[in-house]
Structure formats: C-alpha cells, structure tokens
Amino acid sequence: VQLQASGGGLVQPGGSLRLSCAASGSIFSINVMAWYRQAPGKQREYVAGISNGIRTGYADSVKGRFTISSDNVKNTVYLQMSSLKPEDTAVYYCNAIIESYRGFSRSYWGQGTLVTVSS
C-alpha cells in the first residue's frame, strides 16, 4: 500500500490551496484518512481527519478555514485550505488506517508535501 500526496506549493497569506492524497495497492477498506503537518523545529501535529467518508474532525487552529473530504471510489482524501496564514507553513503528511484483504488494519503515511505561506 502506498499513499501519494500532492498539491503543496507557495501561496500568499489569505490564499487557498488544495492537497490530495491517493492510496493505492491491496486495499480492502479505508477506515480513517487524515492530514498532519510538521513545521520546522516543531513536532508533527494533527490537522484534520475523516472516518468512513462521513465524520470529520479538525484541529482548533484550522477550524473554519480547512475542509477535509474524501472520494471512496478513488481512495483519495483532500484538504481544501483557505485563508492561509504564515503559521500554516509546514510539510503536510497524509495518514490512513487501511484494512487489507487478510483482515489486518495498519497505519500508513504519505511522503509529505510542502506548503509555504509567504508574501
């Protein structure tokens, strides 16, 4: 199983960006998909998550600005980021809890995509 994240880049404060993360491989089901981020010199932190394509959760720092969604057919999770601030600058990682056809579930991480918010 692999997670491929994309969509990062340089954006001005107040701008928007959309991240995508596609899961591929031997996947029976995906229970949870989430986004984390790690700013320079800081620990990785939770940003947003979606379970069974329906229930969502957000960190307080991004509520009202970021929206997580998923496409269960494409096994892809999206993060729509708006009203971006310089403090949103970080490497964004996607994470997924994936069940294999053998019935085992485990956590997988994508490779990270850099988001830089700067004028």
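Tyr36, Tyr46 and Trp109 are joined by ring pairs into a cluster. That's a good place to start looking around this model, which is predicted. Altogether, the model has 3 aromatic pairs. Below, we go through ring pairs, charges over rings, and then one arginine with quite a few contacts.

**The cluster, up close**

- Let's zoom in on two members of the cluster, Tyr36 and Tyr46. Their ring centres are 5.6 Å apart and the planes meet at 75°, so this pair is edge-to-face.
- Which strands hold these two rings? Tyr36 belongs to strand 4, while Tyr46 belongs to strand 5 (residues 45-51), so the pair ties together parts 10 residues apart in sequence.
- Are they buried or exposed? Tyr36 has a relative accessible area of 22%, so it's partly exposed. Tyr46 comes out at 34%, and that makes it partly exposed too.

**A pair between two loops**

- Phe28 and Tyr101 also make an aromatic pair, with 5.6 Å from centre to centre and 70° between the planes, and it counts as edge-to-face.
- This pair links distant parts of the chain, as its two residues are 73 residues apart. You'll find Phe28 in the loop between strand 3 (17-24) and strand 4 (29-38), and Tyr101 in the loop between strand 9 (90-99) and strand 10 (105-109).
- Why does Phe28 count as exposed? Its relative accessible area is 51%, and the cut-off for exposed is over 50%.
- Tyr101 has 59% relative accessibility, so it counts as exposed as well.

**Charges sitting over rings**

- Now for arginines that sit over tyrosine rings. Arg18 lies over the face of Tyr78, 4.1 Å from the ring centre.
- How far is the charged end of Arg44 from the centre of the Tyr93 ring? The distance is 3.8 Å, with Arg44 placed over that ring.

**Arg65 and its surroundings**

- Arg65 sits in the loop between strand 6 (55-58) and strand 7 (66-71).
- Is Arg65 buried or exposed? Its relative accessible area is 11%, so it's buried.
- What does the side chain of Arg65 reach? It gets to the backbone oxygen of Ser61, at 2.9 Å.
- Leaving out residues up to four places away in sequence, Arg65 touches Gln80, Met81, Ser82, Ser83, Leu84, Lys85 and Asp88.

Terms used. Residues numbered from 1 in each chain as written. Predicted model: local features only at pLDDT ≥ 70, side-chain atom pairs only at ≥ 80, totals over all residues. Heavy atoms only, no water. Phe/Tyr/Trp six-rings, centres within 6.5 Å; stacked < 30°, edge-to-face > 60°. Helix = DSSP H or I, 4+ residues; strand = E, 2+ residues; numbered from the N terminus. Buried < 20%, exposed > 50% of the residue type's maximum accessible area, 1.4 Å probe, protein only. Lys NZ or Arg CZ within 6 Å of the ring centre and 35° of its normal. Polar contact = N/O pair within 3.5 Å; in protein donor to acceptor, adjacent residues only side chain to side chain. Contact = heavy atoms within 4.5 Å.
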